Amino acid sequence: MIEAVRGDIVRERVDAIVNAANTSLLGGGGVDGAIHRAAGPGLLAECRLLNGCSTGDAKVTKGYNLPARHVIHTVGPVWRGGDQNEAELLASCYRRCLEVAAEIRCRSLAFPAISTGVYGYPPRAAAEVAVQTVLAARGSPIRSVRFVCFDTETASIYEELLTGQEAPF
Ligand code: AR6
């Protein structure tokens with residue numbers, strides 16, 4: 001099942017939530033700040049051991065005080081006008097998160113709208129990449145993907161893009 005909901009990702013009761021982090025993995029604002037606040041200090045302590053993360057890649061930690069069992073930290077591209085490989089790097093984030101989730105046997109996964117806040121990626125273009133990449137994830141052991149949108153505008157873009165689409169898993 002693939003669905004879009006409006007809400008706060010820290011409240012998602014799923015096997016893993018995805019964090020839109022930066023390459024340091026040491027916290028920040030936006031959804032990253034919200035996840036670290038809700039998870040508690042254990043999350044930062046584990047993140048310190050990971051040696052950061054490249055743009056387009058993903059690394060996993062436990063969820064600590066979150067209802068989600070794991071956090072998959074990924075680093076989206078900063079939007080620089082669209083001709084700096086942003087779409088490929090953003091697609092790589094979604095693909096790597098699905099791969100990491102499969103490696104740790106997650107069945108349910110919740111994504112925020114990676115790169116669309118501080119990193120400036122236009123929300124519709126980002127949602128197109130997110131939906132296309134998840135729809136292409138054939139053979140994944142994941143059974144449920146939720147796109148958790150902080151605002152109603154983003155949620156309605158996802159709802160539109162998902163209308164009539166069938167999950168490939
Ligand atoms: N639940 C769901 N979505 C949220 C939440 C939340 N609690 N809070 C914000 N969003 P951003 P980025 C939405 O800026 O653009 C951090 O400082 C938000 O409305 O969190 O990838 C990191 O450390 C937007 O749609 O992430 C990096 O330095 C989306 O999440 C940098 O920001 C992403 O916005 C990453 O920037």
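Buried means under 20% relative accessible area, exposed over 50%, and partly exposed in between. Arg96, at 23% relative accessibility, therefore counts as partly exposed. The model is predicted.

## Salt bridges

The structure holds 7 salt bridges. Side chains of opposite charge can pair when their charged atoms come close. Three of the pairs are listed here.

| Pair | Closest N to O | Location |
|---|---|---|
| Glu3 and Arg146 | 2.9 Å | strand β1 and strand β6 |
| Asp57 and Arg96 | 2.8 Å | loop between α2 and β3, and helix α3 |
| Arg96 and Glu99 | 2.7 Å | helix α3 |

Arg96 has two partners in the table. One is Asp57, with the closest N and O atoms 2.8 Å apart. That pair links distant parts of the chain. Asp57 sits in the loop between α2 (41-47) and β3 (58-62), and Arg96 is 39 residues away in helix α3. The other partner is Glu99, at 2.7 Å. Arg96 and Glu99 are 3 residues apart in α3, so about one helical turn separates them. How accessible are the partners? Asp57 is partly exposed, at 24% relative accessibility. Glu99 is also partly exposed, with a relative accessible area of 40%.

Glu3 and Arg146 meet through their side chains. Because Glu3 belongs to strand β1 and Arg146 to strand β6, the pair ties together parts 143 residues apart in sequence. Glu3 is partly exposed, with a relative accessible area of 24%. A network of salt bridges links Glu3, Glu12 and Arg146.

## Nonpolar cores

The largest nonpolar core has 37 residues. Which of them touch the most other members? They are Ile72, Tyr94, Leu109, Phe111, Val134, Phe147 and Tyr158. Several elements give two or more residues to this core. The strands are β1 (2-6), β2 (16-21), β5 (108-111) and β6 (144-149). The helices are α3 (86-103), α4 (123-135) and α5 (152-162). Helix α3 gives the most, with 8 residues.

Apart from this core lies another, of 20 residues. Its members include Val14, Ala34, Leu50 and Val75.

Leu109 shows the contacts of one core residue. Leaving out residues up to four places away in sequence, Leu109 touches Val14, Ala16, Val18 and Ile72, among others. Its contacts also include Cys97, Leu98 and Ala101. Further along the chain, Leu109 touches Ile142, Ser144, Val145 and Arg146. Arg146 is thus a contact of Leu109 and a salt-bridge partner of Glu3.

## The largest pocket

The largest pocket has a volume of about 600 Å³. Its lining comprises 28 residues. Ala20, Gly30, Val31, Ala113 and Gly117 lie nearest the centre. Which elements supply at least two lining residues each? These are β2, α1 (30-39) and β6. Helix α1 provides the largest share, 5 residues. By type, the lining divides into 14 nonpolar, 10 polar and 4 charged residues.

## Positive phi in two loops

Leu25 and Ser115 have positive phi values without being glycine. Leu25 has phi near 60 degrees and lies in the loop between β2 and α1. Ser115 has phi of about 75 degrees and lies in the loop between β5 and α4. Are these two residues buried or exposed? Leu25 is buried, at 1% relative accessibility. Ser115 is buried too, at 6%.

Key
Residues are numbered from 1 along each chain as its sequence is written. This is a predicted model: local features need pLDDT of at least 70, side-chain atom pairs count only at pLDDT 80 or more; totals for chains, interfaces and linings use all residues. Side-chain values use heavy atoms; hydrogens and water are left out. A nonpolar core is a set of buried Ala, Val, Leu, Ile, Met, Phe, Trp, Tyr and Cys residues joined through side-chain atoms within 4.5 Å. Buried means under 20% relative accessible area, exposed over 50%, partly exposed in between (1.4 Å probe, protein chains only). Helices (H or I, at least four residues) and strands (E, at least two) are DSSP runs, numbered from the N terminus. Contact means heavy atoms within 4.5 Å. On a 1 Å grid over the protein atoms alone, a cavity is a set of points where a 1.4 Å probe fits but cannot get out, and a pocket is an open set with protein on both sides within 12 Å along at least five of seven lines; lining residues have an atom within 4 Å of a point. Grid points are joined across faces, edges and corners, and a volume is the space filled by probe spheres set on the points. Ala, Val, Leu, Ile, Met, Phe, Trp, Tyr, Cys and Pro count as nonpolar, Asp, Glu, Lys and Arg as charged, and the others, Gly among them, as polar. A salt bridge is a side-chain nitrogen of Lys or Arg within 4 Å of a carboxyl oxygen of Asp or Glu.
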